[in-house]
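Here's a friendly walk through one protein chain, a piece at a time. Keep the 3D view open while you read.

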Amino acid sequence: MPTVAELAERLSRPLTLELKSGCQNRAVSGGLEGLLRGPLANPFPQVRELLDGYAGWSPPEREQALGRALETLAAKAAKTAPARQRPPRVAASKVTAQETVPPAPTGEQLPMDAPIERLDSGRGGERKLKGLGLHQLRDLLHYYPHRHEDRRALPSLMNVDEGQKVTVQGVVVSRFKRTPKPRMTILEATLETEGGNRVKATWFNQPWMERQLREGARVIVTGRVKKFGRTAQLAAEHLESLDSAADSLSTGRIVGVYDAKEGISQEFLRRAAWRALQAAPLDDYLPAHWRREYGLTPLADALQGIHFPADEAHLSRAMGRLRFDEYLFLELRMLLQGEDAVLQGKRFEAHPEDIDRFEGALPFRFTGAQRRVLGEIVEEMRSDRQMARLVQGDVGSGKTAVAACALYLAVRDGYQGALMAPTEILARQHYANLSGYLGPLDVRVGLLVGAMTPKQKLEMQGRIALGEIDIVVGTQALIQDNVQWDNLGLAVIDEEHRFGVMQRRRLLSSRPDVLVMSATPIPRSLALTAYGDLELSVIDELPPGRTPVETKLIQDGYRAQAYGFVMGQIRQGRQAYVVTALIEENENLELLAATELAENLAEMLPEARIGLLHGKMTAAEKDEVMDAFRAHEFDLLVSTTVIEVGVDVPNASVMVIENAERFGLSQLHQLRGRVGRGSAKSYCVLIAGEMSKKTEQRLRIIEGSTDGFVIAEADLKLRGPGEIRGTRQSGIPDLRLGDLANDAEVIEQARRLAKHILSNDPRLEHPRLQYLRSELQNRSQSVAFREVI
């Protein structure tokens, strides 16, 4: 006769499964109320009462009632259990269709931050898990499989194609090892599958596998099919041995495959993950109403589904929830690391007539995209909250004119403005542009850069402090301690990623509104994460009349013809850039390669005056070379470094990029943007030293498109986020499930929720958010960030 405690344990299993599968009333055939009318629920009338009418309730109501019912069962079990017996872990119970799953470990539940040694992971298990960097129960639960295999019905090799990767299960009936030549070992094993068919599997130079292939061993082998007439073999890539304790976790289901080290088997990791799921409380840090709003399954169901999915739908909803969580915690962290989404800022009047007056003084009219972005900026300038906005736009899209208008509005309201650029040559260029835009409107524009004499700097600093300068353009000289502002209202930062976080914050200590400009096209999904603390505006339209740069991809054998074309442009009075690939971490080799290229071109183009720009030059020397090129003191510039984003040499009409295959698409597009800045037709020639089919396919993308955002999306899909914008520097961690190339919609949803949370509770101090706060801290990569909140 089962005890009350045992009955409570049995009843809690389907209730827990129902709770963890999203409260859909599908965990029990016929619905939960049918179960409660049966004999199993007879000893628990209070549970029947709590769940009476369950079928007609909403999921949040069901979730709340199930929680109370499980608490009631746990209390009943604890009260009736023998004195020396631990109460059953009701809330952690699991059921599956398999009857041979390893039993849940005995003992009380473990908190998520419990040391991994407290989990029953078998002999040597603690050492293995720590060897994978898994030190807490949380780490193991979030150690997701990197892929899944459907082992519900393993195929016959005769029904699959040559070269297809498959998984088969069988018993080893024979094995044979041979050494056809020195230093080559071939291990062959014949497996008999459940259907009585025999399959030969082969391992090359893996003699250690022999230990696992004893006759009679039950194994699972994954590999690629090789067919020989009517027979098929398997070139084995992965082997798992099956024992009675692990069968149900490795066969007859959709099975997760984990990243592992030598000596750590897949079956061990599955068993450890199963026991972790049994031991953990799996409470949810997202309240039910947020999960409902964003269509998210409960955390418990997601973790169960990523490790041991019941079917494809279960795996899909698990992936959706955990991917959303990755981006939510990333956005929360980025917002908290930024200048804060809810800081008080300046409040500007930003009168429409001032906007009209500014545009009326321009030699052109704003495009529709410029007007849209300016409207987004003005709306935020008029609010009490500090503006923090990224304005993204391709080369020549008119970002500087939009920023100049915003600065003018700040000056009209009695504030000062600042524009900080990463290099002196860019700062001087911005100074010239702003002077041209704003000088006719009686705005006093000043320049502050490192190359100025001490007397000039001191004079400019004094005028800034007295409010005699309205807008100051400069480099890092703007953030020196001896620069005091009279009333800084708006700070514009050009190419923000070129500055450190602390540098930016020094400029922003007086909490001006902030506008960041970037000419680097970044896919929306990546921008939302890399610049998580900034709102995003995109100028996606070029001014009318601007001629696109014509791009041509050629093989190395046509270099002579390419430089003949370059010389023709030079004879017409134009100038040209030649860029050669950066030689990583070896400036001496880089200088040698650049010098040899310049000498080679001097022989090939004897009429051309050739200059050289390389990585061993100082910043001042690079500026001097660029100034000389702009002044047309030479015709062709050979460069080994990426030519400064934003530098204008309107007379340059040709860009030649040697070994173009060594550059990313976005980088090639940026380089191409150095030409086409004047009125003359401009060209970009990509010379590929290696032209495989894959390389050609990639480079044809940039040959056929001048849209930087289209190119950046293609680059993201081809190379991943790390190469487009240093994710290590920007704080983007490795995403386990997220795919920045395809997740823009999910990222925007997660960002919306993160902003909603922080707008109501900037430090996550509400009691209901303590679990979320704790999880955020645990997922953060540095102790420094944990101190932010």
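## A sheet of parallel strands

Let's start with one pairing: Ala576 has Leu636 in β18 as its bridge partner. Those two belong to a longer match, as strand β16 (residues 575-579) and strand β18 (residues 636-639) run parallel and are joined by four bridges. Two strands are said to pair if DSSP finds at least two bridges between them. As for the names, helices (H or I, at least four residues) and strands (E, at least two) are DSSP runs, numbered from the N terminus.

Now zoom out to the open sheet, where six strands with parallel pairing come in the order β15-β20-β19-β16-β18-β17. Which strands stand at the edges? They are β15 (550-555) and β17 (610-613), and each has a single partner strand, so one side of each has no neighbour in the sheet. Ignoring direction, neighbouring strands here are turned by 20 degrees against each other on average. A helix joins in too: α23 packs on the sheet, touching β15 and β20 (683-688), and its direction makes about 160 degrees with that of β15.

## What you're looking at

This is a predicted model, in which local features need pLDDT of at least 70, side-chain atom pairs count only at pLDDT 80 or more, and totals for chains, interfaces and linings use all residues. Residues are numbered from 1 along each chain as its sequence is written, and side-chain values use heavy atoms, with hydrogens and water left out.

The chain's secondary structure comes to 28 helices and 20 strands. Of its 789 residues, 52% count as buried. Buried means under 20% relative accessible area, exposed means over 50%, and partly exposed is in between (1.4 Å probe, protein chains only). Take the contacts between residues at least 6 apart in sequence: 71% of them join residues at least 24 apart. Contact means heavy atoms within 4.5 Å.

## Two helix pairs

Two packed helices are described by the angle between their axes and the distance between the axes. Axes are lines fitted to C-alpha atoms, for helices over the stretch in contact, and angles run from 0 to 180 degrees between N-to-C directions.

Back to α23 (residues 693-704): helix α22 (residues 665-672) packs with it at an angle of about 35 degrees, their axes 10 Å apart. Their crossing is right-handed; that is the label if the near helix is turned clockwise from the far one by less than a right angle, with left-handed for anticlockwise. On the α22 side you'll find Leu665, Leu668, His669 and Arg672, meeting Arg698, Leu699, Ile701 and Ile702 in α23. These contact residues divide into five nonpolar, one polar and two charged. (Ala, Val, Leu, Ile, Met, Phe, Trp, Tyr, Cys and Pro count as nonpolar, Asp, Glu, Lys and Arg as charged, and the others, Gly among them, as polar.)

Next pair: helix α12 (residues 352-360) and helix α14 (residues 399-412) pack at about 130 degrees, with axes 10 Å apart. That makes α12 oblique to α14. For the cut-offs, under 35 degrees is roughly parallel, over 145 roughly antiparallel, 65 to 115 roughly perpendicular and the rest oblique. This crossing of α12 and α14 is right-handed. Asp354, Ile355, Arg357 and Phe358 in α12 meet a group in α14 that includes Ala401, Cys405 and Tyr408. The split in this contact of α12 with α14 is seven nonpolar, no polar and three charged.

## Tucked-away pieces

Is Arg270, in helix α8 (residues 266-279), buried or exposed? Arg270 counts as buried, because its relative accessibility is 1%. Leaving aside neighbours within four places in sequence, Arg270 is in contact with residues including Arg151, Glu240, Tyr258 and Phe308.

Gly170, found in strand β2 (residues 165-181), is buried too, with a relative accessible area of 6%. Gly170 and Gly195 are 25 residues apart in sequence and 9.4 Å apart in space, C-alpha to C-alpha.

Whole elements can be covered as well. In helix α10 (residues 299-307), nine of nine residues are buried, and strand β12 (residues 488-494) has seven of seven buried. β12 pairs in the parallel sense with strand β9 (residues 416-420) over five bridges, and likewise with strand β13 (residues 513-518) over five bridges. Within these pairings, Leu419 stands opposite Val492 in β12, and Ile493 has Val516 in β13 as its bridge partner.
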